[in-house]
Amino acid sequence: MFGYNFTIISYKGFILMIIIPARLASTRFPQKVLADIGGLPMVVRTAKRVAHLDRVVVAADDEKIIEVCKSYGIEAMLTSTTHKSGTDRIHECATILNLDDDELIINVQADEPFIEPDVVESLITKLKILQQTDEPFIMGSCYNAINADAAEDPNLVKVVLDAKDNAIYFSRSAIPYNQGGGAKYFGHIGIYGFAKKSLKEFCSLKDAPIEDIEKLEQLRAIYHQKKITMVKVASTGFGIDTLEDLKRAIEIFL
């Protein structure tokens, strides 16, 4: 099997691993991670966007993804086909790699081929700061400001924040409801970061009802009263959730 000989290198003094969960058997858009975008499979284009930041490995559920990644020089490993979420998949990968509890793990979604490296670096910086505190659970993600029209798209996940930029709730609905006027909407960007021990803790939590209702894995942490630190970024990237998104992505390279 390809991809078990890894060297973990440091990012500005911290140990870091970028893991991209990739599932071939997507229910909404089968095999989308292998869809061609400007001459590269989606998962490969995503990996190459962040490859200069640190070691990148694709955690896949199918040998077909492994072989495609291998042909482009992308490290990959096969993980279980039964994982409920991408976070569970990267945890298996991190376990196989025997990463230390304090190592930082960045989860970049395979369907984010336009993720800006600056966004990833902003999250890494925030996680490094958290590691120097006594925070017992380290999990972070990113968001940006969106308009009211974009907030109506159920494929674009919205997040509501507290006064310290921690996530209160994520939803596919337009939240907050704008009854009082003046609502500001924030879109969630498909990237997560964990300390390895917090990733292990997350995956040991029982599934949450709201996680199944919204089909959003991050709600498991909120349901169990775990803090998700959010980092505001400027981003024009977008995830590939539909065939329309794929068409839009392809047009960028025409």
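Asp153 sits in the loop between helix H5 (148–151) and strand E9 (158–161). This is a predicted model. The chain has 9 helices and 12 strands. Its radius of gyration is 17 Å, close to the 18 Å that the globule rule gives for 254 residues, so the chain is as compact as a globular protein of that length.

**Asp153 and its loop**

- Asp153 is partly exposed, because its relative accessible area is 34% and partly exposed covers the range between 20% and 50%.
- Beyond its neighbours within four places in sequence, Asp153 is in contact with Lys158 and Arg172.
- Asp153 and Ala47 are 106 residues apart along the chain, and their C-alpha atoms are separated by 26 Å.

**The whole chain**

- The C-alpha atoms fill a box of roughly 55 × 45 × 35 Å along the principal axes.
- Of the 254 residues, 54% count as buried.
- Take the contacts in the chain with a separation of 6 or more: residues 24 or more positions apart account for 69% of them.
- The chain exposes about 11900 Å². Carbon and sulfur atoms supply 50% of that area.
- There are 29 positive and 35 negative side chains. The centres of the two sets lie 1 Å apart.

**The nonpolar cores**

- In soluble globular proteins, nonpolar side chains tend to be buried together.
- The largest nonpolar core here has 40 residues. Val43, Val58, Ile65, Ile106 and Ile191 have the most contacts inside it.
- Helices that give two or more residues to this core are H1 (42–50), H2 (63–71) and H4 (117–131). Strands that do so are E2 (14–22), E5 (56–60), E7 (104–108) and E11 (185–195).
- Helix H4 provides the largest share of this core, 6 residues.
- A second, separate core has 31 residues, including Ile90, Phe186, Leu199 and Cys203.

**Ile65 and Ile66 in focus**

- Which residues is Ile65 in contact with, leaving aside neighbours within four places in sequence? They are Ala22, Arg23, Leu24, Val33, Leu34, Val58 and Ala60.
- Ile66 has its place in helix H2.
- Ile66 counts as buried, because its relative accessibility is 1% and the cut-off for buried is under 20%.
- The C-alpha atoms of Ile66 and Met139 are separated by 28 Å, with their positions 73 residues apart along the chain counted as the distance apart.

**Helix H3**

- Is helix H3 (residues 86–96) mostly covered or mostly exposed? Helix H3 is mostly covered, with 8 of its 11 residues buried.
- The buried residues of H3 are Gly86, Thr87, Asp88, Arg89, Ile90, His91, Cys93 and Ala94.
- Asn98 comes just after H3 and takes a positive phi of about 60°.

**Ala195 in strand E11**

- Ala195 lies in strand E11.
- Ala195 counts as buried, at 1% relative accessibility.
- Not counting residues up to four places away in sequence, Ala195 touches Asp101, Glu103, Leu104, Gln131 and Ile138.
- Ala195 and Tyr72 are 123 residues apart in sequence. In space they are 29 Å apart, C-alpha to C-alpha.

**Backbone features in loops**

- Which residues does a cis peptide bond join? The bond joins Ile175 and Pro176, with omega about 0°.
- Pro176 is found in the loop between strand E10 (167–171) and E11.
- Asp165 has a positive phi of about 65°, although it is not a glycine.
- Asp165 belongs to the loop between E9 and E10. Its relative accessible area is 28%, so Asp165 is partly exposed.
- Gln225 is not a glycine either, and its phi is positive, near 65°.
- Gln225 lies in the loop between helix H8 (219–223) and strand E12 (229–232). Is Gln225 buried or exposed? At 76% relative accessibility, Gln225 counts as exposed.

Notes. Residues are numbered from 1 along each chain as its sequence is written. This is a predicted model: local features need pLDDT of at least 70, side-chain atom pairs count only at pLDDT 80 or more; totals for chains, interfaces and linings use all residues. Side-chain values use heavy atoms; hydrogens and water are left out. A nonpolar core is a set of buried Ala, Val, Leu, Ile, Met, Phe, Trp, Tyr and Cys residues joined through side-chain atoms within 4.5 Å. Buried means under 20% relative accessible area, exposed over 50%, partly exposed in between (1.4 Å probe, protein chains only). Helices (H or I, at least four residues) and strands (E, at least two) are DSSP runs, numbered from the N terminus. Contact means heavy atoms within 4.5 Å. The radius of gyration is taken over C-alpha atoms; the globule rule is 2.2 Å times the number of residues to the power 0.38. Accessible areas come from the Shrake-Rupley method with a 1.4 Å probe; for residues, only the protein chains shown count as cover. Lys and Arg count as positive and Asp and Glu as negative; His and the chain ends are not counted. The place of a charge is taken as NZ of Lys, CZ of Arg, CG of Asp or CD of Glu.
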